[in-house]
Amino acid sequence: MRIMKALLFTACCCVFVLPLTASTAPEPKKRKPRNVIFILTDDHRYDYMGFTGKVPWLETPNMDKLAKEGAYLPNAFVTTSLCSPSRASILTGQFSHSHTIVDNQAPDPGNLTYFPQYLEKAGYQTGFFGKWHMGDHGDEPQPGFTHWESFPGQGVYYNPTLNINGKSVSYKDSTYITDLLTDHAVDWMKNRDKKKPFFLYLSHKAVHAGFKPARRHKGRYKGKRIELPATYDQTKTGKYRDLKWPQWVADQRISWHGVDYMYHDNRGIYDMVVDYCETLLGVDESIGTVMDYLKTEGLDESTLVIYMGDNGFSWGEHGLIDKRHFYEESVKVPLLVRCPELFEGGKTVTQMVQNIDIGPTVLAEAGVKQPEQMPGVSFVPILTGATDAKIRKEIFYEYYWEYDFPMTPTVFGMRTEQYKYIKYQGIWDRNELYDIKNDPDEMYNLIADEDKQDIAKEMSSAVYDWLERTKGMNIPLKRTVKYRFGDFKHPKEH
């Protein structure tokens, strides 16, 4: 019976691989190119929206409406839970080891093609507004966009300076970045050439750490508290040893990314979550402003609107905050999709999708052939209920150790509908295996259980197969600044 289960599992692992290679993808049907709006946020975890009920007091009416009139995909994942690698994966449709922007410092290698370049070539007007932040890149206009507005690195919440098509423009008087980007994006749509299709990439800074809500939202949730996750105290009490968690997870509790010393600040988790949720309110209003414009122009039925986060965020799970790790709250992102002309609203679509599917999805709706270097697939067929829709049976994950944040080791992993396997590189510690269906909090590590050894071996083998198939067996090291012992400065200081 165990062998049969192993063979069945292997078959499930292989189902997704061959049908999704770009060379076998059918040619998109010829039709009028669709207008597309892609709204990206930073550090927004998948369940922090009003309609999910995760945080009872959080109000996101426009996200709720987007889900009600469109689809909510609760099993949307990133390939790497970190800003630059995830954004590069979205724009290139490739894994981190392929595009090599493996962390927030690694530069663009200079040989990448972003999917908006194919749209521009096909006659689209393409506008980019907001955070680019791919490696250590500045704010210079990038290929694939007919209109460009951005800022260096993480940017600031108040009084930003934007590079608008190569010209630096500074804003004062408490100008709030979320509002500014939204207004400029809507103005661009108003003034576009109405005879051409358009693609809008609205890339918010919010809700990145250093959370600062709009002044009108400050204090909205003062004194509110979240329910702490089931795994919050395990590393503090020592119970993690019985649960067979890795040692590095316990050690990180008192680090920059741990709940006992969050960002080396003395603020409590409740206050920080309140700031996060209040900052999110500006993003929700941004969605409402964009949707109101579409309705005014009569474009709300035919325009494909996609809302997504660049990575998730932990709020105390396993004693951690922030992202990078392969636990659910870190790797999952919100994904809302709306297009009444394509599918009826009110859907919750549970099939797994990844950020490498964004490019193929947009290109398919534009009638542009998917490039061979993109291993993802359009998720529109699973929204429309197409009988030939490709169903993703597993997702793969990678994260590479960072010099500035050495607390989290290099991670490779795989997740199916039932199991998650996490493999660490370069650290003397234990790997992890979780039964997601029966243990959604990822509390009980099954890696040493005798009856799970076949599953662990199969998943480990599948991870290596994926890396070999996609040319990821070599870690793309990047040059880092080194300090003498005793001269170390925290990343915030240099």
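Biologist: Which residue's side chain meets that of Lys244 in a salt bridge?

Modeller: Let's start with the idea: side chains of opposite charge can pair when their charged atoms come close. A salt bridge here is a side-chain nitrogen of Lys or Arg within 4 Å of a carboxyl oxygen of Asp or Glu. For Lys244 the partner is Asp449, at 3.7 Å from N to O. The pair ties together parts that are 205 residues apart in sequence, because Lys244 lies in the loop between helix 8 (240-243) and helix 9 (247-252), and Asp449 in the loop between strand 18 (432-435) and helix 14 (453-469). Helices (H or I, at least four residues) and strands (E, at least two) are DSSP runs, numbered from the N terminus.

Biologist: What should I keep in mind about the model itself?

Modeller: It is a predicted model, so local features need pLDDT of at least 70 and side-chain atom pairs count only at pLDDT 80 or more, while totals for chains, interfaces and linings use all residues. Residues are numbered from 1 along each chain as its sequence is written, and side-chain values use heavy atoms, leaving out hydrogens and water.

Biologist: Are Lys244 and Asp449 buried, exposed or partly exposed?

Modeller: Buried means under 20% relative accessible area, exposed over 50%, and partly exposed in between (1.4 Å probe, protein chains only). With 28%, Lys244 is partly exposed, and Asp449 is partly exposed with 22%. Elsewhere, salt bridges that share partners join Glu328, Lys332, Arg415, Lys420 and Glu442 into one network.

Biologist: How many salt bridges does the whole structure have?

Modeller: The search finds 25. One of them joins Glu59 and Arg220, at 3.5 Å from N to O. This pair spans 161 residues, from the loop between strand 1 (36-41) and helix 2 (61-69), home of Glu59, to the loop between strand 8 (198-203) and helix 7 (234-237), home of Arg220. Both ends are partly exposed: Glu59 at 46% and Arg220 at 41%.

Biologist: Which residue forms a salt bridge with Glu285?

Modeller: Arg216 does, with the closest N and O atoms 2.8 Å apart. Glu285 sits in helix 10 (residues 269-297) and Arg216 in the loop between strand 8 and helix 7, 69 residues apart. Glu285 is partly exposed at 32%, as is Arg216 at 45%.

Biologist: How do I read polar contacts, and which backbone atoms does the side chain of Asn445 reach?

Modeller: A polar contact is a pair of N or O atoms within 3.5 Å; within protein, one must be able to donate a hydrogen and the other to accept it, and residues adjacent in sequence count only if both atoms are side-chain atoms. Asn445, in the loop between strand 18 and helix 14, reaches the backbone oxygen of Lys244 at 2.6 Å and the backbone nitrogen of Leu433 at 2.8 Å. Asn445 is buried, at 3%.

Biologist: How many disulfides are there?

Modeller: A disulfide is a covalent bond between the sulfur atoms of two cysteines. The test asks for a pair of cysteine sulfur atoms within 2.5 Å, and the structure holds 0. Take Cys277: the closest cysteine sulfur, in Cys83, is 18 Å from its own, which is too far for a bond. Cys277 is also buried, at 0%.

Biologist: And empty space inside: how many cavities are there?

Modeller: Rolling a probe the size of a water molecule over the atoms shows where empty space is left. On a 1 Å grid over the protein atoms alone, a cavity is a set of points where a 1.4 Å probe fits but cannot get out, and lining residues have an atom within 4 Å of a point. There is 1 cavity of 30 Å³ or more, and the largest holds about 60 Å³. Its lining has 12 residues, with Met352, Val353, Val377, Lys390 and Arg392 nearest the centre.

Biologist: Where does the backbone do something unusual?

Modeller: Most residues other than glycine have a negative phi, and most peptide bonds are trans. The bond from Ala206 to Val207 is cis, with omega near 5 degrees. His133 is not a glycine, yet its phi is positive, near 40 degrees; His133 lies in the loop between strand 4 (125-131) and strand 5 (147-151) and is buried at 6%.

Technical notes. On a 1 Å grid over the protein atoms alone, a cavity is a set of points where a 1.4 Å probe fits but cannot get out, and a pocket is an open set with protein on both sides within 12 Å along at least five of seven lines; lining residues have an atom within 4 Å of a point. Grid points are joined across faces, edges and corners, and a volume is the space filled by probe spheres set on the points.
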